[in-house]
Amino acid sequence: MSIAEITGAAVTQERRLVTSIPGPVSQQMQARKTAAVAAGVGTTLPVYVVAAGGGILVDADGNQLIDFGSGIAVTTVGNSAPAVVEAVAEQAAAFTHTCFMVTPYEGYVRVAEELNRLTPGDHEKRSVLFNSGAEAVENAVKIARAHTRRQAVVVFDHAYHGRTNLTMAMTAKNQPYKNGFGPFAGEVYRVPTSFPFRDGETDGAAAAARALDLIDKQVGADNVAAVVIEPIQGEGGFIVPAPGFLPALQNWCTAAGAVFVADEVQSGFARTGAMFAVEHDGVVPDLIVTAKGIAGGLPLSAVTGRAEIMDAPQAGGLGGTYGGNPLACAAALAVIDTIEREGLLARAVEIEETMTGRLKAIAAEDPRIGEVRGRGAMIAVELVKAGSAEPDADLAKQVSAAAHAQGLVVLTCGTYGNVLRLLPPLSMPDPLLEEGLDILAAIFAETR
């Protein structure tokens with residue numbers, strides 16, 4: 001089947017396997033990738049996509065796979081969402097680039113206005129746009145340091161913040177993100193997070209007290225520029241902190257004069273059933289970092305926060321050639337409109353109810369599932385050796401490989417590599433969602 005034949009019509013919302021996974025055309029493309037692309041760029045599932053929409057990915061062999069990955073939480077409103085495609089095409093016909101720092105344009109300003117409106121809190125805000133999540137996190141630290149005139153940055157166990165030098169220092173996991181790439185930026189300090197499944201602490205305030213005691217003793221409150229945390233840790237294993245943990249950190253930051261930064265790169269933009277995950281805990285961060293789902297697949301990220309903090313850097317201290325590219329801004333505005341017009345916050349809650357209901361039923365019969373956790377369409381299954389809390393990374397690999405072979409895209413994560421992470425687009429129809437869960441249920445039954 002030719003690519004023209006595959007992409008000539010709208011993507012049908014059904015799983016279809018016409019070859020083994022990966023098929024012969026994808027295998028040929030993978031051989032070309034191996035010869036042309038640096039080996040450090042890994043591939044989870046080497047099927048080469050030629051079309052996508054709703055909850056389906058179509059590969060070059062004509063297979064149609066159920067997408068429980070969303071490009072790692074990027075295509076939240078669906079791949080090639082009609083409003084996004086239309087907005088990007090219209091903008092591309094007008095102009096593709098000027099550099100906002102040279103000759104600005106309204107799209108950037110409109111995105112900033114929308115972020116200021118949507119992010120938690122009714123205080124005066126400012127926003128600045130970048131390209132990637134790591135770039136935005138790094139700039140949040142710059143802004144916090146400029147505002148406080150301090151240097152220390154506090155991060156947490158199991159954190160993932162990016163692949164730049166500073167954000168590698170902030171990231172906890174060595175392999176594959178940090179190994180061999182040092183030395184890393186200094187003045188980054190790591191403390192324990194709240195991980196109820198592993199630390200047994202269900203009192204978030206108590207878990208926070210443990211971390212804050214270390215900050216006071218080992219760093220000193222007067223030296224802390226920023227405390228940076230993912231409200232739900234992503235690569236670390238979709239870890240949802242115990243209730244009270246985030247508010248206690250925020251309160252400490254307020255008292256200490258430090259900046260509380262919520263890294264919502266993966267958890268933001270309707271993914272968890274709220275526009276931002278911190279809203280579940282009633283927290284209003286000083287700065288909030290967004291990316292991934294913000295622009296439907298185009299490169300865009302942002303830092304939004306209190307005006308007095310955001311305005312601290314000198315003119316010219318923030319920016320970048322491509323930051324807030326016109327096409328990405330057009331896409332972001334269409335994404336926001338789609339989320340609000342189609343009621344996707346409620347849809348994320350529906351997906352959560354379906355997924356957690358089915359997965360917890362499987363877990364009740366399978367002692368290898370240590371915990372099902374998450375919010376909205378951001379759900380994790382932590383796999384362990386039966387009868388223990390010992391991580392089972394081999395089982396995670398086995399289950400994900402079996403899912404891939406059956407045309408279901410799932411991802412793994414976690415510090416120990418033992419967590420299945422499920423990130424379906426909010427555009428996924430219920431029958432596909434149920435079919436994907438059926439596949440997982442059958443795999444767990446077959447591997448027992």
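By how many residues, and by about how many helical turns, are K217 and D213 separated in helix α9? The two residues are 4 residues apart in helix α9 (residues 204-219), and therefore about one helical turn separates them. They form a salt bridge in which the closest N and O atoms are 2.4 Å apart, a salt bridge being defined as a side-chain nitrogen of Lys or Arg within 4 Å of a carboxyl oxygen of Asp or Glu.

The structure is a predicted model, in which local features need pLDDT of at least 70 and side-chain atom pairs count only at pLDDT 80 or more, whereas totals for chains, interfaces and linings use all residues. Residues are numbered from 1 along each chain as its sequence is written, and side-chain values use heavy atoms, with hydrogens and water left out. Helices (H or I, at least four residues) and strands (E, at least two) are DSSP runs numbered from the N terminus, and two strands are taken to pair if DSSP finds at least two bridges between them.

An open sheet of 7 strands, with mixed pairing, follows the order β4-β10-β9-β8-β7-β5-β6. Strands β4 and β6 (188-191) stand at its edges, each with a single partner strand, so that one side of each is left without a neighbour in the sheet. Neighbouring strands of this sheet are turned on average by 20° against each other, direction ignored; axes are lines fitted to C-alpha atoms, for helices over the stretch in contact, and angles run from 0 to 180 degrees between N-to-C directions. Helix α5 (residues 106-118) packs on the sheet and touches β4, β9 (287-290) and β10, its direction making about 130° with that of β4, where contact means heavy atoms within 4.5 Å. Helix α10 (residues 245-256) also packs on the sheet, where it touches β5 (152-156), β7 and β8, and its direction makes about 165° with that of β7.

Within this sheet, strand β4 (residues 125-130) is mostly covered, with 5 of its 6 residues buried; buried means under 20% relative accessible area, exposed over 50%, and partly exposed in between (1.4 Å probe, protein chains only). Strand β4 runs antiparallel to β10 (residues 301-306), to which 6 bridges join it, and the bridge partner of R126 in β10 is G305. Strands β7 (residues 224-229) and β8 (residues 259-263), in contrast, run parallel and are joined by 4 bridges, with F260 in β8 as the bridge partner of V227.

Another open sheet, of 4 strands and likewise with mixed pairing, has the order β1-β2-β3-β13. Here β1 (49-53) and β13 (408-409) stand at the edges with a single partner strand each, so one side of each lacks a neighbour in the sheet. Strand β1 is joined by 4 bridges to β2 (residues 56-59), and the two run antiparallel; A52 stands opposite L57 in β2.

A search of the whole structure finds 24 salt bridges. One of these joins E435 and R15, whose closest N and O atoms are 2.8 Å apart. Because E435 lies in helix α15 (residues 430-447) and R15 in the loop between α1 (3-7) and α2 (24-36), the pair ties together parts that are 420 residues apart in sequence. Both residues are partly exposed, E435 having a relative accessible area of 25% and R15 one of 30%. In the pair within helix α9, K217 is exposed at 62% relative accessibility, while D213 is partly exposed at 33%. A further salt bridge links D392 with K385, the closest N and O atoms being 3.9 Å apart; D392 is buried at 11% relative accessibility, whereas K385, at 34%, is partly exposed. Salt bridges that share partners also join R198, E371, R373 and E382 into one network.

With a disulfide defined as a pair of cysteine sulfur atoms within 2.5 Å, the count comes to 0 disulfides. C329 is in no disulfide, the nearest cysteine sulfur being that of C99, 12 Å away. C329 is buried, with a relative accessible area of 1%, and C253 also counts as buried, at 1% relative accessibility.

Finally, Y322 is placed in the loop between α11 (307-310) and α12 (326-341) and is exposed, with a relative accessible area of 54%. Leaving aside neighbours within four places in sequence, Y322 is in contact with H97 and N131. Y322 and N131 are 191 residues apart in sequence, yet their C-alpha atoms are 6.9 Å apart in space.
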